[in-house]
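Reader: I would like to understand how the terms used for a structure are justified, so please set each value against its definition as we go.

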Amino acid sequence: MKATLERATLLRCLSHVQSVVERRNTIPILSNVLIEAEAGGSLKVMATDLDLQVVEHIPAAGVDTPGAITVSAHLLFDIARKLPDGSQVSLEAADNRMTVKAGRSRFQLPTLPRDDFPTIVEGDLPTTFTLPGRLLAELIDRTRFAISTEETRYYLNGIFLHVSDGENGSGPVMRAAATDGHRLARFTLSRPEGAEGMPDVIIPRKTVAELRKLLEEALDAEVRVDLSPSKVRFTLGGENGVVLTSKLIDGTFPDYSRVIPTANDKLLRLDPRLFYQAVDRVATIATEKTRAVKMGLDNDRVTLSVTSPDNGTAAEELAAEYAADGLEIGFNANYLKDILSQMDSDVVEVHLADAGAPTLIRKNDQASALYVLMPMRV
Amino acid sequence: MAAASRKIIHIDMDAFFASVEQRDNPSLRGRPVAVGGSSGRGVVAAASYEARRFGVRSAMPSATARRLCPDLVFCKSRFDVYREVSGQIRAIFARYTPIIEPPSLDEAYLDVTDACSGGTTATAIARAIRREIAAETRLTASAGVSYNKFLAKLASDQNKPDGLCVIRPGEGADFVQRLPIRRFHGIGPRGEEKMHRLGIRTGADLAARDMVFLRAHFGSAAEYLFRVARGIDLRPVRTHRTRKSVGGERTFGEDLRDEASVRAALATIIDLVWERIARVEARGRTLTLKLKDDDFRLHSRSRSAARPLEDKEDFARLATLLLEQELPLPRPIRLLGLSLSALQDAPTGSRRDAAARAAQLSLF
C-alpha cells in the first residue's frame, strides 16, 4: 500500500475515528485503525471497539499502490496532529511496517495485518429513514444527559428510540427517551417516512456520543438511518461520507409513559435562566453529591433554600407565576439544572402534584421536549 | 479515669479446630493434626500443638506442612461443628456479661467491668469461664485479663495453651516494653521485617520513636502503634461488629487456562458469595474481583454501582463485567474471588451521601 494525502484531511478523519478506539485494549488490533488505499484515489479509514465501528472515506492526493494495513490509531493521530499545517503525508506499508513521511519527518510504525481486523456483521437492516442532521443533533442534546451510567441497569445506558401513533390526533410520531430512574427526558418528532413498523431500539451511550460529534460537521445534511432489532447504521454525507455502525443494547426499556404525569394540577411558570441561576447559587453550600434544594411555593413566589450541616444555610426568593395551594418540595439541584439548561425559551412550565410525586417540566404543551423529575425528600 | 478502670477478658480457644477434631476422634489425640485440605493446594486452617512443635502453622500451604512434619494427619474441616461449639462458649460468656465481642469463632473479648462491681474480680470470672468451657465442651481455652482489649489479647497469648495471665493497671506499659514486635496485634511477618529494618525489635524500641517518625514510616497506623507501644487502647468492646465486606474465594486444583473454565469458576463463586451475602442480608455497592495468577501475583479489580446490588442477577452481571475486562487471560490463574463492600449501614464517611441517595425518589 502506498498513498499520499493532505495532512489536514488525515487529521480530520483520524479525529473522527480515533475516539471510537478504546485507550486500553486487551486485543491489540482494536488499538489500530484500518487504512485501505483504493485504486480510485481515495482512502477508507476504519476503527472499531467491536460494539461500534466507524468508516470514513477521504480523498487522497494519489494512490500509488492500492492495499490495506492496520496501524495504531492514537499514534497516527498524534503524529498527524504534530505535523506542520499544509504538509503532504505519505503512507507506505511494507515488511510489517508502515512508513509515515511528511517533509523531513519519517516514522516507522508497527502494523498488524488487515485480515485480522474485526468488522461488525450488519446483517439485514430492514428499516430505513432519513433525518435532518440538526434535528438528530437536537434529539440527542435534549435527552442524552438523562442516560443512566449505572451498569447494573444496562438497558438504561442509552437512548430509547421508538415510533408510536401519537396522542390527540397529532399523527404518528417517533420518540426518543432516556432515563436514569430519577429523571426522564423525552423528545418527540413526527415519524419520518420509512420508520413505520420500526422495532424499538436502545442506542448505546458511546454510540450516541460518537454520532453527536460527527453531526457537528453535518448539521445541514440529511442523515440516513438503517436499523434492525440488533444493529443500527448512520450514514452522514452520502456514499463517501462517514458511516457509523453500532450494536444496540439488548434489553427491554421500561414502559416510561406510565411515569409521565398527566394530572399534575399545580402550575408554576417562570424564567428558566433566572431559575437556573438561583438554584445554582443556593446549591453552592450543599456538600452532598446529591445537592438537595428545597423549593417553597407560595402565591407568585418561589423560595429556594439549602441547609448544609457543614456550611450553614442559603436562601433566595424568585418571582414566578403560581396560583395553586402552597407546597414544599425538594429536588436534586444538578438534575434541576440539567433540565433547565435545555430550555431556550423565556418561560418554563413546572407541573407539580405533591412533594413525593413526579414533576413534569417543559417549555409548553407544544414543545418537542418533555422532562419528568422525581423529587427528593427534604 | 474510666479507661483505666475497665476490666476486659480475652478468651482464646487453644488450637480450636484441631482440638475439636482430637476430642471427637480419640485416635488423633497426641498426634500432629492439621485441619484443612491436604490436596496439592490446600492450606492449613488450624494445627494441633503436636503439629506446631514441627513448625506447622495455620495459613501454611499443606504441602509445606507435610514436608515439615511427614506424620501430620489431615482432617477435613467441619465448620458446622465448630460453629456449634462456638455457640456453646458464647452461651457461657453470656452468664457473666452481655458485652461480648467475638471477632471469630474461637475467641471473644468480654467487658466485665459492671460484672465486677459486686466484689468479684475479673480474674475470678476468667477462671470460672475456663472451668465451665472445659467441663461443657471438653476443650481448653486460654484467658487474658487486663484493662483494655490490646493487653487482654496479649495476655491470653502469654501462657497458652490452657493458661491464664493477668496484666494489672500500671503494668501494661512495662509488659509491652519487653515484648518482641511480632507479638503486637496487626504486625505480621512483613511488618516485623520492616520494623527490624528500622531497628525496632521490642515494644521499648517502638515506644522510643516519636509520632513524626511513626507517621513517616507507617502512615495511618502510626497512632495505633504510638498508643499500643504504651499499653494504651481505648477501643470499646463492641457487641455489634459492623461488617465491612462479604466475600469468598477458591483456589483451584489446577490452574484455569481457558476462558470457558474461568467463566464456569466465576459462576460457582457467584453462587457461593451470593449465598453468604443473602445469609447476612448485606447490601453493598462495591464489588471486587480478585485473581491470583500462576506466578502468585495478585490482581484485583473493583467497580461500584450507584446503588446497592439488590439481587443476584445484578451481582452476577457486575461480577461478569469485572471478569470480562480481564479476558483474555494473560496468564493462567490459580485463585478467583469476589467480595462485596461499601456495605450500607457500615460506618463510613459516605453515610450522609447514602442518606441523601435514599432521599432521592425513583421513577421506576
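Reader: Why is A:Glu217 called partly exposed?

Author: The relative accessibility of A:Glu217 is 48%, and the term partly exposed covers what falls between buried (under 20% relative accessible area) and exposed (over 50%), with a 1.4 Å probe and protein chains only. The value lies between these limits, and therefore A:Glu217 counts as partly exposed. Please keep in mind that this is a predicted model, in which local features need a pLDDT of at least 70 and side-chain atom pairs count only at pLDDT 80 or more, while totals for chains, interfaces and linings use all residues, and side-chain values use heavy atoms, with hydrogens and water left out. Residues are numbered from 1 along each chain as its sequence is written, and chains are lettered from A and ligands numbered from 1 in the order in which they are written.

Reader: What makes the meeting of A:Glu217 and A:Arg12 a salt bridge?

Author: A salt bridge needs a side-chain nitrogen of Lys or Arg within 4 Å of a carboxyl oxygen of Asp or Glu. The side chains of A:Glu217 and A:Arg12 meet at 2.5 Å, N to O, so the pair satisfies the rule. This pair links distant parts of the chain, 205 residues apart, since A:Arg12 is in helix α1 (residues 7-17) of chain A and A:Glu217 is in the loop between α4 (205-215) and β15 (222-227). A:Arg12 also counts as partly exposed, because its relative accessibility is 45%.

Reader: How do you know that A:Arg273 forms a salt bridge with A:Asp346?

Author: The closest N and O atoms of A:Arg273 and A:Asp346 are 2.7 Å apart, so this pair is also inside the limit. The partners are 73 residues apart, A:Arg273 in helix α5 (residues 272-282) and A:Asp346 in the loop between α6 (333-340) and β24 (348-352) of chain A. A:Arg273 is partly exposed because its relative accessible area is 41%, whereas A:Asp346 is exposed because its value is 53%.

Reader: Why is the pair of A:Arg301 and A:Asp298 called a salt bridge?

Author: In A:Arg301 and A:Asp298 the closest N and O atoms are 3.8 Å apart, and the pair therefore still meets the rule. By this rule the count comes to 57 salt bridges over all chains, and A:Glu36, A:Lys44, A:Arg114 and A:Asp115 are linked in a network of them.

Reader: Why does A:Arg183 count as buried?

Author: The relative accessibility of A:Arg183 is 8%, and so A:Arg183 counts as buried. This residue is in strand β13 (residues 183-190) of chain A, where strands are DSSP runs of E with at least two residues, helices are runs of H or I with at least four, and both are numbered from the N terminus.

Reader: What makes the link between the side chains of A:Arg183 and A:Asp338 a polar contact?

Author: A polar contact is a pair of N or O atoms within 3.5 Å; within protein, one must be able to donate a hydrogen and the other to accept it, and residues adjacent in sequence count only if both atoms are side-chain atoms. The side chains of A:Arg183 and A:Asp338 are joined at 2.8 Å, so the distance is inside the limit. Another polar contact of 2.8 Å joins A:Arg183 to the side chain of A:Asp180.

Reader: How do you know that A:Lys231 counts as buried?

Author: A:Lys231 has a relative accessibility of 14%, and therefore counts as buried. It lies in strand β16 (residues 231-236) of chain A, and a polar atom of its side chain lies 2.9 Å from the backbone oxygen of A:Val121. Beyond neighbours within four places in sequence, A:Lys231 is in contact (heavy atoms within 4.5 Å) with residues including A:Ile120, A:Leu125 and A:Ser246.

Reader: Why is the span of helix α12 of chain B called close to the expected one?

Author: The expected span is 1.5 Å times one less than the number of residues. For the 22 residues of α12 (259-280) this is 32 Å, and the helix reaches 31 Å from its first C-alpha to its last. Among its buried residues are B:Val262, B:Leu266, B:Ile269 and B:Trp274, and their cover includes β9 (246-256) and α13 (312-324) of chain B.
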